[in-house]
Every structure is written in C-alpha cells, then in structure tokens.
Amino acid sequence: MVELGSGKKRRHFLKGMGCAFTAFVGGSIVSEGDAQVRKSSALPIGPASLFNLGVVDGNASAPPGKTQMVFNIRDYGARGNGTDVDTPAINDSIAAAARAGGGIVFFPAGNYLCFSIHLASNITLYLDRGAVVIAAENGALGSYDAAESNAPYEAYQDYHHNHWHNSLIWGEGLSNLGIIGGGLFWGRGLSRGDRENKPFAEDPGVGSRVIALKNCRNVELRGVSILKGGTMGILATGVDNLVIDGLTIDTNRDGMDIDCCRNVRIANCGVNSPWDDAICLKSSYALGNPRPTENLTITNCYVTGAYQLGSMLDGSWKKWPEENHPPQHGRIKFGTESNGGFINSTVSNCVFEGCRGFALESVDGARLEDMTITNITMRNLIAPPLFIRLGARMRGPQGAQIGTVKRILISDIVAANDYALFSSVISGIPGAQIEDIKIRNMFIEHQGGGTKDMAGRQLEENEKDYPEHSMFGDVIPAQGFFLRHLKNIEMSDIEIRSQKPDFRPPFLLNDVSGADFWHVKANVSAGTPMFLLTNVKDFAVARSKPLKDTEISRVAETVSI
C-alpha cells in the first residue's frame, strides 16, 4: 500500500498532484510495463482533498481526521476493453473496500463489460469521464443473479417491482453508499421487460434494470448517465434519505421508479423515456406492507418522450417521425402501484416536452395527500397536462379501503400546443370524492377541433380500470377540465385557448360540491357554454368575462353557463 504521512508532508504531496489525481489513481502515471509499476490496491486520501478535487462531495467524504480509501478496479484485474467480463474484478474491489471499512471504488476510463455488481455499505462507486459500464448479454459469457422470491406479495405488483437481484447493480439492506461521477451505464444486454422483444425479463439469467436498491438508507446518485436502462434505469424500494442529482437518462422504459421511499430529493435530472414514464413515484406492497412514499421533492428536471433513443445523450436530438413513434410517455407520475400513499411532496421548476402531463393516482387504497406543483412549462403534450384519479382497482391484500386524494395545490403552469382531444381530468368515483384542490395561474393552449358530438359524450365510471386518460375513451367532452366527484375545488387565473374552433365547454362539472372560479377565460366557439354543470352544489364564478358573476346553491339537472 502506498502510505502518505500525516501533516504537512501529506498535504504538500496532494497539493502537488492537483488535477493529476485521477490519472494517478487510474494507474496511468506508471505504465503497465514499467518496472516501477505500483503494487498497491488502495490509496488513502484525505477527505478535504477529495472534496477539492471533485471526487466526492462533503457528505460522502470521511469524517474529519480520517482518510478515504480509493480502490482502483484496474488493480483488481478489470481490463476495461469491452470484451472481457470485468464483474469479478469489480466485485473484488468492492469487497476489499468493504473489508477496509469503506471507501471509493474508482472506475477509470474504459469499457467494462459486466453482469451483476454487488454493492456494499460505506462504498462510493466513482465513474470517471470515459468510464462505461456495459450490461452484458447473458449466455456464453455469463448471466445475471437470479430473481429472488418476493412471496407472498408478488401478486400485488408487476414482476419488475418484485425483484432486485437480477440487475446490473444491486444492493439490499445497505447504508451510506453512492454512485457518482461523469461516466455512463449502458444497459445494452438488459431486457426491457415486455413479451415482444428478447431477452425476456422472466427468463433465468436475464438482467432487467441498471440500478436496484431495496431497504437501504443514506444513498446518493450523482452525475452519472444511463443509456437504455432496461425496465427501469433506477428502482429504489424502501430507500430512505435518497438523493438523485444531475443524472441524464436516455432509456427504453422507465427512467427511475421510487417506491415506498422516505426523504427523497430528485434534482437537476434530464430523462428521455419515449416508451414509459420518466420519473415514476410508487407505493407498492412489495415490502409486505402499505408503506408510503413521503417527504419528496422533485425540482429542476426535464422530462420528454420526443426523442429517439440515445439522441439526448449524444446531443443529436433526433425527434421521432410523425408516422412512426412510440407512446411518448416521458412524464412525472405518482402511481400506478398505490397501496401505501404519496404524502408531503413537492414538484417545482420542471419542463415537459413531447410527452404526457402529470399523473397523480390512488387506485389501490393509497393516501395521496399534501402536495404542491408549481412553476412548470409543458410543450407539445400528447396527453392531458393534469390527470388526477381516485379509483378502486384495489390490487393488494383484501380488506383495504378506497384511498384518498386531498389537499393538492397547483400553480404557475403553462402548457402550449397540446393534443386537443384529451383535456385535464380530475375524477374520483361515486362515493369517494377528491377533496381540497386549488389551481391558479395556469395557461393552456391546445390544438382545438372538438365537435358538438364530442361535447355530448357520456363517460363511464370505469372505477376498477387501470388509471389512464384513455380509460374514458378517445376524447374527453371538455376542452379544458373534466371535473367529477369532487369536494371543494378552487380555480383562479385560468386561461384556455384553442388554436382551432372547439365546441366543447372549457369546464365540465359533475357531482361537485363547492366549486369557486375566479378570473377564468376561454375563446369559446359560438353557442358553446363556458361551464356545463350536472349535480353541482355551491358553485360560484366571478370576474370571468363575458360571464356575469354567478352563484348557484344547487344544480340537480344539467345547466349551461
């Protein structure tokens, strides 16, 4: 081991190394054929120096007075040539770091072909720029760890939320770990989890996600990128104190799934996920109890489904052709798995492009409560800006009660050039109302073209169906907001503008108690009402030209305003 003395000698050495630190621990200062090639497997480096060199931030470095060990995977036999499997060398370096009490496992530039990598507590994986960890194809070279059993809970969520070990990188029951740097995870050999494209995720030896964490705490994921992440770039289940910051994910299914986690900070991420959701919050029964996802913030993120796979990462930004494009999900979604709840959450300063809008869903008994959404821009959406659903699918143990959706504040949103036929939907079910919704300062521009026949459509309740805007058919009979089974909704400073004439009412209310509208407007077509009310109590609209200020205590039949 290379030992550095304490005091001035060590500080002077590190200061002299400067930016050459990465080259040194990467082994490039001394060539492989040099007689003086070092034989050390770890280098002790003071935490202050690591912080200054940008290897880790202050939270990940060692306590004052102690050193942080750096374990170079090349020293354990990793070749990084993209053809030899480097999993044993990487797992050996992680094990060595764990035996030493923790440290940094360093990936210098290279292409590392891998199967399942096993994380450990008190370890940070640092991928230098130019380091690519490639998910190998299972077969002659090897296979991924087997998908462990999650009985007796497997019936309550999809296959991909029941297993963690069949991943490129996984950890369970760990604490104090990080994956950081400027490198890339490429899920080349992973399954995307459908039955149309091989490999199939359920087959033995197949991997189906990049990073999977279960029952961990104090986790940081910073700076790295993910290309083609399989079913999920990241699956975090039961992870507390989780930071995801500065990731770029360009993938063929979900970008990240955060399930049953507490104290989560997601910031400064960009996700292109044309086939599925970009940032998906879940609250499944995978841990054997209805654990909520709570105390969550999402901020300064960009989500899209508009670009061809890999073209966000390589900067070519190739859009899908109109005649041949995937579903373009790419959104921020709370659900569908929703047994526990989503409590105390904020989403702010995010950009949506060429994807679906927000989905907030409680259909398996979850409490979706106390949420704010603010400062959002949306362009070219192919689905509603807002889809909020309280349903009764109830996939979980018998005896669970229908959930709740209440106390949600939404403000400062602009949505431009949206697909017209799906308006925003906020809908409970008979006997279970969504409560206490406030929406203010929202501008919606959609393409228009709704007809009078569309305005007359009656939507089925479909209370047990999978929650999605399309569950109600191929068109919504309102051009702005379809509001059903609600109690106490306030909307103010709302404008709805159609590019082409649209004969659907901007606001359609059915079974709503307590509805206040202030300063709302829309460029309605001739003969089209602003509001269509059925079974509405305590309705008021004010300062909404050309309508007169109006208050209605009760409407049993349908009334147009």
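Good morning. In what follows, a residue is called buried if its relative accessible area is under 20%. The structure before us is a predicted model, and I shall speak first about one of its strands and then about its salt bridges.

Let us begin with strand β18, which spans residues 254-259. How many of its residues are buried? The count is 6 of 6, and the strand is accordingly described as mostly covered. In a regular strand, side chains alternate between the two faces of the sheet.

Which strands pair with β18? Strand β15, residues 232-237, runs parallel to β18 and is joined to it by 5 bridges. Within that pairing, Asp-257 of β18 stands opposite Leu-235. Strand β21, residues 279-283, also pairs with β18 in the parallel sense, here over 4 bridges. In this second pairing, Met-256 has Ile-279 of β21 as its bridge partner.

I turn now to the charged residues. Side chains of opposite charge can pair when their charged atoms come close. The model contains 31 salt bridges, and I have selected several for discussion.

The first example joins Arg-393 to Asp-364, with an N to O distance of 2.7 Å. Arg-393 belongs to the loop between β28 (386-390) and β29 (404-418), while Asp-364 belongs to the loop between β26 (358-362) and β27 (367-379), so this salt bridge ties together parts that lie 29 residues apart in sequence. Are these two residues buried or exposed? Both Arg-393 and Asp-364 are buried.

The second example is the salt bridge between Arg-367 and Glu-369, whose closest N and O atoms are 3.2 Å apart. Here the two partners fall into separate classes. Glu-369 counts as buried because its relative accessibility is 6%, under the 20% limit. Arg-367 counts as partly exposed because its relative accessibility is 42%, and that class lies between 20% and 50%.

The third example is formed by the side chains of Arg-457 and Asp-474, at 2.6 Å from N to O. Both residues sit in the loop between α5 (452-455) and β32 (481-498), and they are 17 residues apart. Arg-457, at 38% relative accessibility, therefore counts as partly exposed.

Finally, which residues are linked in a network of salt bridges? One such network includes the acidic residues Asp-277, Glu-361 and Glu-468, together with the basic residues Arg-331, Lys-333 and Arg-356.

To close, I would recall two points: β18 is mostly covered, and the Arg-393 to Asp-364 salt bridge has both of its residues buried. Thank you for your attention.

Definitions and conventions:
Residues are numbered from 1 along each chain as its sequence is written. This is a predicted model: local features need pLDDT of at least 70, side-chain atom pairs count only at pLDDT 80 or more; totals for chains, interfaces and linings use all residues. Side-chain values use heavy atoms; hydrogens and water are left out. A salt bridge is a side-chain nitrogen of Lys or Arg within 4 Å of a carboxyl oxygen of Asp or Glu. Buried means under 20% relative accessible area, exposed over 50%, partly exposed in between (1.4 Å probe, protein chains only). Two strands pair if DSSP finds at least two bridges between them.
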